[in-house]
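Subject: Handover of a structure and its computed features

Dear colleague,

Please find below the structure that I am handing over to you. The findings follow directly after it.

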Amino acid sequence: MTPRSSGPAPKRATILDVAAAAGVSRQTVTRAMNGMTGISQETRERVQKLAAELGYTPSRFAKGLVQGARISVGLAIPDLTNPYFPAFASSVVEAATSRGWNVVVDDYGHGSGSAVDAAARLAPQVDALIGYLAPHPDEAQDIMGRRPVVALDSPNAGTAGGIAFDFHHAARLGLTHLVSRGCRNIAFLDSDQGGPPSSRSAAAAAVAAGAGMQLTRLQAAPSADGARLAIAGLGPAGGGGPDGILAFNDLMAAGVLKALQEAGVAVPGDCAVMGMDGIPLGELLTPELTTLSLDLRAVGRAAVGLLDGLLSGSIAERSPAAYLTLQHQLVLRQSA
């Protein structure tokens, strides 16, 4: 994952800038901005006035170091009803609380909510933000100001840091396996968000084209029921439908399995089915779901660890070290 290439972000005022403008020490600025004793009221007001003019505000992280407050991290996720996101949220909470941090969760994906709305709600409460913020990660960073944002699955975001997923690697694993099983009419069931193909679908199409595979893109609402309805519309078994289906995620793959069962299509005999993400749900399905799995605990640890580095300064924001890419693993079960 790499940051956007629209040029370097404008330099924000620091505590050293305020100290230089006011002709005082860094410690005096800290006292003035945090309401501490040991300086005159005149100095306090002068420093605060210069800080406002320079656009400087102390981070809640720095304030916590002075006052002993716990770090508070915002977690923005789009849909707690999708089992992937509670599993991911749990991993973030586990990694954050092991550091003594608080986590404030915002589930923004219902009604007219957006990642920008979540960032606006969380900003007054938190020192930093982790989240699935597409398609507005940069706006979320703007709302958070100098406080770091770690955006997941938002390649080329201008946030302080980010974690991307190598969907080309995942697609290569999945499609190669389906072909090795003898599948020749493979479909990718994409999440229909009313826009261009998802990054997962685009990666699958690129891998298929490079390998000379036939791949059909289908679309469905991003739910198990949406996937069931989309696959049911393909018609009965033996009618020229796909003999292999790679679904956008495991939840949609569950809907595919239901539709194929209702249509009398044997899985994997007539049609192999594969999901993506690796949520625990896959082991509870019949047949058990083959999937391209992420280690969700590792994803949460990586996000919190990256944020820790950004907060402490051991990782420079928007530096190569601030952007990580994680890979899926193929987990073979009964459905493919």
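Helices, here runs of at least four residues, and strands, runs of at least two, are taken from DSSP and numbered from the N terminus. In that numbering, leucine 54 belongs to helix H3, which covers residues 41-54. Please note that this is a predicted model.

Leucine 54 is partly exposed, because its relative accessibility is 40% and the class runs between 20% and 50%. Its C-alpha atom lies 6.2 Å from that of alanine 13, although 41 residues separate leucine 54 and alanine 13 in sequence.

The largest pocket

The volume of the largest pocket is about 1100 Å³. Its lining consists of 32 residues, and those nearest the centre are Pro78, Ala134, Ser191, Gln193 and Phe248. By character, the lining comprises 15 nonpolar, 13 polar and four charged residues. Two helices, H5 (84-97) and H9 (199-211), each contribute at least two residues to this lining.

Contacts involving helix H9 and Phe248

Arginine 200, in helix H9, is paired with aspartate 277, in strand E9 (residues 272-277), across 77 residues of sequence. The two form a salt bridge in which the closest N and O atoms are 3.2 Å apart. Both aspartate 277 and arginine 200 are buried. The charged end of arginine 200 also sits over the ring of phenylalanine 248, at 4.6 Å from the ring centre. Phe248 has already appeared above among the residues nearest the centre of the largest pocket.

Aromatic contacts involving helix H5

In the whole structure, the search finds six aromatic pairs. One of them joins phenylalanine 85 and tyrosine 132, whose ring centres are 5.3 Å apart; the pair is edge-to-face because the planes meet at 85°, and the class requires an angle over 60 degrees. Phenylalanine 85 lies in helix H5, whereas tyrosine 132 lies in the loop between strand E3 (128-131) and helix H7 (137-144), so the contact ties together parts 47 residues apart in sequence. Are these two residues buried or exposed? Phenylalanine 85 has a relative accessible area of 11% and is therefore buried; tyrosine 132, at 10%, is buried as well. A single aromatic cluster is formed by Tyr84, Phe85, Phe88 and Tyr132.

Other charged contacts

Nine salt bridges are found in the structure as a whole. In one of these, the side chains of aspartate 106 and arginine 121 meet at an N to O distance of 2.7 Å. Aspartate 106 is in strand E2 (residues 102-107) and arginine 121 in helix H6 (residues 115-122), so that the bridge links distant parts of the chain, 15 residues apart. The partners fall into separate accessibility classes: aspartate 106 is buried, with a relative accessible area of 10%, while arginine 121 is partly exposed at 41%.

A further salt bridge joins glutamate 317 and arginine 318, with the closest N and O atoms 2.7 Å apart. Glutamate 317 has a relative accessibility of 36% and counts as partly exposed; arginine 318, at 23%, is also partly exposed. In addition, Asp225, Arg228 and Glu262 are joined into one network by salt bridges that share partners. Finally, the charged end of arginine 99 sits over the ring of tryptophan 101, 5.8 Å from the ring centre.

Backbone geometry

Most peptide bonds are trans, and most residues other than glycine have a negative phi. Against that background, several positions may merit your attention.

- The peptide bond from alanine 134 to proline 135 is cis, with omega near 5°. Proline 135 lies in the loop between E3 and H7, and Ala134 is one of the residues nearest the centre of the largest pocket.
- A cis peptide bond also leads from valine 267 to proline 268, with omega near 10°. Proline 268 is placed in the loop between helix H11 (250-262) and E9.
- Aspartate 153 has a positive phi, near 55°, and lies in the loop between strand E4 (149-152) and strand E5 (161-165).
- Asparagine 156 has a positive phi, near 70°, and also belongs to the loop between E4 and E5. Asparagine 156 is partly exposed, with a relative accessible area of 45%.

Yours sincerely

Note on methods: Residues are numbered from 1 along each chain as its sequence is written. This is a predicted model: local features need pLDDT of at least 70, side-chain atom pairs count only at pLDDT 80 or more; totals for chains, interfaces and linings use all residues. Side-chain values use heavy atoms; hydrogens and water are left out. On a 1 Å grid over the protein atoms alone, a cavity is a set of points where a 1.4 Å probe fits but cannot get out, and a pocket is an open set with protein on both sides within 12 Å along at least five of seven lines; lining residues have an atom within 4 Å of a point. Grid points are joined across faces, edges and corners, and a volume is the space filled by probe spheres set on the points. Ala, Val, Leu, Ile, Met, Phe, Trp, Tyr, Cys and Pro count as nonpolar, Asp, Glu, Lys and Arg as charged, and the others, Gly among them, as polar. A salt bridge is a side-chain nitrogen of Lys or Arg within 4 Å of a carboxyl oxygen of Asp or Glu. Buried means under 20% relative accessible area, exposed over 50%, partly exposed in between (1.4 Å probe, protein chains only). Rings of Phe, Tyr and Trp (its six-membered ring) pair if their centres lie within 6.5 Å; planes under 30 degrees apart count as stacked, over 60 as edge-to-face and the rest as tilted. A charge sits over a ring if NZ of Lys or CZ of Arg is within 6 Å of the ring centre and within 35 degrees of the ring normal.
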